[in-house]
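Let's take a walk through a protein together, one stop at a time. Keep the picture open beside you as you read.

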Amino acid sequence: MEYDVIIIGAGLAGLSAGKGLNENGVRYKIIEANSRPGGKVYSREYTGRYFELGGQFINQDMTEMTRLVKDAGMEIHETDVTEDAVIIDERKNTDVESILKADKKLFKGIGERDIRLSRLYEKYIADSYHRKLISSQHSELLNINPELISSKAIAAMMDRYISSKSDTTHQASGPLNNVVSYLERFSKDKIMYGQPVAEIAESKDGYIILSSNNEYRSKAVILAIPPTAASQITYTPGLPEKIENALKSFKDGAVIKITWVFEEAFWRSFSVQNEVHRLKEIIYSEPEGITVSDSSKSGDENRLTMFIGGDTAIKLADKTIDERLEYAVSLLTEVLGEKARYYIDREESVWVNAPYTGGGYSASVLYTGIFNAAQILRQPYKKLLFSSSELSPDFPKFMEGAVRSGKHTAKKALELLK
Ligand SMILES: Cc1cc2nc3c(=O)[nH]c(=O)nc-3n(C[C@H](O)[C@H](O)[C@H](O)COP(=O)(O)OP(=O)(O)OC[C@H]3O[C@@H](n4cnc5c(N)ncnc54)[C@H](O)[C@@H]3O)c2cc1C
């Protein structure tokens, strides 16, 4: 049977594209490598408790995600952090927030020529400790050593974050698996699981898509997968050089996420330089790429989440789970004291080198790549369309970006089929 569209990938982008096509009565299938939908959105559920292993936070300007959470039967809850809560470093100095805010001005210093993100710090941040702190923050946010990253691409990505609010103000009242199941329902009998696509061949009147154990034919193809995963697929005949180079411009991130549940939120009256403060975040200058956030929802359990990104995540991924957790808890106690050892539950997820989804929150453009690679890949090539959170016109790298990109790409595919 020939389909109008084959969507590759059942993450938020692919499922959202599927929903868009379904509403228009198009014949389509979604081919997914993994045995489950959701990609980098995955809640591990137990009786009475769940942990988000991947995407978790949103804000109210992220209108697609806000709507999906409600459509999936949940509410939007505030993250339990007050305006006066502070961000500290491991040296327990207050007000590192004002240092971190300097990164906004930093990107104004970029000229015509692209430079490495790390070089931008050297040029525009005089204080070596401030440089270290910002580098650490970016290693966590981008999940990649800033030495490797294009500062122009990051500046463009930040411009596309179209909200003045923090990205962590809200969360769903229940597991995000509900959003995934809600979206999956639109394409229920159209998703083929456990079938990594290895090759796409152009045929006389469309495409032949070869997965591990099947062959599909369609008029158009939506690759709803990270650009790094799209660059692993064989295209026959090859793609134009511009598109191939744009795909190769991206590098996967590396991230480990650990969440602890505590009986008492002892970090909410925390003494920093003889003043009592409520903590919202700890950022470690050493080791690079580690932050800890108060991830509790208002009126819910007391939780802290550690994000370990970049080179530190790559190193830790090779350790045993016990070694990793002991290391993480020792970092917590270094700042919060021995109380941090007495948690009642915890969960960790290691995304480093995850096949198909990429190893971090998202992929980023390398300094050696094409800085506007995302813009290039947003344009269809014949009836081949790329879609993923990285490529989204708005909120790239976030769940919101993935949904918007999927919806947008489905619309473009419909136009191409006319
Ligand atoms: C630890 C962590 C924390 C995060 N926290 C947040 C957060 O708090 N807020 C937020 O907004 N975002 C967060 N994100 C990012 C967010 O989860 C992603 O931006 C979003 O889910 C990406 O969706 P996607 O559909 O573009 O890609 P993916 O989720 O990567 O989906 C791609 C799908 O394609 C499949 N696939 C890939 N290659 C092939 C192939 N060859 N054949 C068939 N199938 C294939 C994959 O298996 C996968 O299912 C986080 C991510 C992680 C990992």
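Before we set off, here is one term you'll need: helices are DSSP runs of H or I with at least four residues, numbered from the N terminus. Keep in mind too that this is a predicted model.

With that in hand, look for α2, which spans residues 63–71. After α2 comes G73, and its phi is positive, near 90°. Inside the helix, E64, M65, T66, L68 and V69 are buried. What do the buried residues of α2 pack against? Their partners are α1, β5 (57–58), β6 (76–78), β8 (170–172), α8 and α14. Several of these names will come back as we go.

One of those partners, α1, covers residues 12–22, and nine of its eleven residues are buried. The buried ones are L12, A13, G14, L15, S16, A17, G18, G20 and L21. It helps to remember that an α-helix has 3.6 residues a turn, so residues three or four places apart point the same way. In α1, though, the helix is mostly covered.

Now for the inside of the protein. In soluble globular proteins, nonpolar side chains tend to be buried together. Here, the largest nonpolar core has 39 residues, and I7, L12 and V179 have the most contacts inside it. Which elements each supply at least two residues of this core? They are β1 (2–8), α1, β2 (28–31), α2, α8 (177–186), β12 (215–223) and α14. The largest share, six residues, comes from α14. Zoom in on V179 and, leaving aside its neighbours within four places in sequence, you'll find it in contact with L12, L68, V69, A72 and M74. Apart from this core lies another one, with 32 residues, including I31, A153, A229 and A373.

Next stop: the ligand. There are 38 residues around the ligand, and E32, K40, F57, V197 and M399 come nearest. That shell is made up of 22 nonpolar, twelve polar and four charged residues. Some backbone atoms also sit beside polar atoms of the ligand. Q56 has a backbone N or O atom 3.1 Å from an oxygen atom of the ligand, and K397 has a backbone N or O atom 3.2 Å from a ligand oxygen. For V197, a polar backbone atom is 2.8 Å from a nitrogen atom of the ligand. How much of the ligand does the protein bury? Taken alone, the ligand exposes 1,000 Å², and the protein buries 98% of that. The elements giving two or more residues to the shell are α1, β15 (255–262) and α14 (399–417). You've met α1 and α14 already, as suppliers of the largest nonpolar core.

Let's stay with K397 for a moment. This residue lies in the loop between β23 and α14. Its phi is near 80°, a positive value in a residue other than glycine. Is K397 buried or exposed? Its relative accessible area is 17%, and buried means under 20%, so K397 counts as buried.

The loop between β23 (384–386) and α14 also holds E390. E390 is buried as well, because its relative accessible area is just 5%. Leaving out residues up to four places away in sequence, E390 touches R160, P226, P227, F250, S362, A363, A374, P396 and K397. The side chain of E390 also makes a polar contact with the side chain of S388, at 2.8 Å.

For a contrast, find N353 in the loop between β21 (345–350) and β22 (363–365). N353 has a positive phi too, about 60°, although it is not a glycine. This residue is exposed, because its relative accessible area is 70% and exposed means over 50%.

Two peptide bonds round off the tour. The bond joining T236 and P237 is cis, with omega about -10°, and P237 is in the loop between β13 (234–236) and α10 (241–248). The bond from E286 to P287 is cis too, with omega near -5°. You can find P287 in the loop between β18 (279–284) and β19 (290–294).

Terms used
Residues numbered from 1 in each chain as written. Heavy atoms only, no water. Buried < 20%, exposed > 50% of the residue type's maximum accessible area, 1.4 Å probe, protein only. Near = heavy atom within 4 Å. Polar contact = N/O pair within 3.5 Å; in protein donor to acceptor, adjacent residues only side chain to side chain. Areas by Shrake-Rupley, 256 points an atom, 1.4 Å probe, with all protein chains shown as cover. Nonpolar A, V, L, I, M, F, W, Y, C, P; charged D, E, K, R; others polar. Core = buried A, V, L, I, M, F, W, Y, C linked by side-chain atoms within 4.5 Å. Contact = heavy atoms within 4.5 Å.
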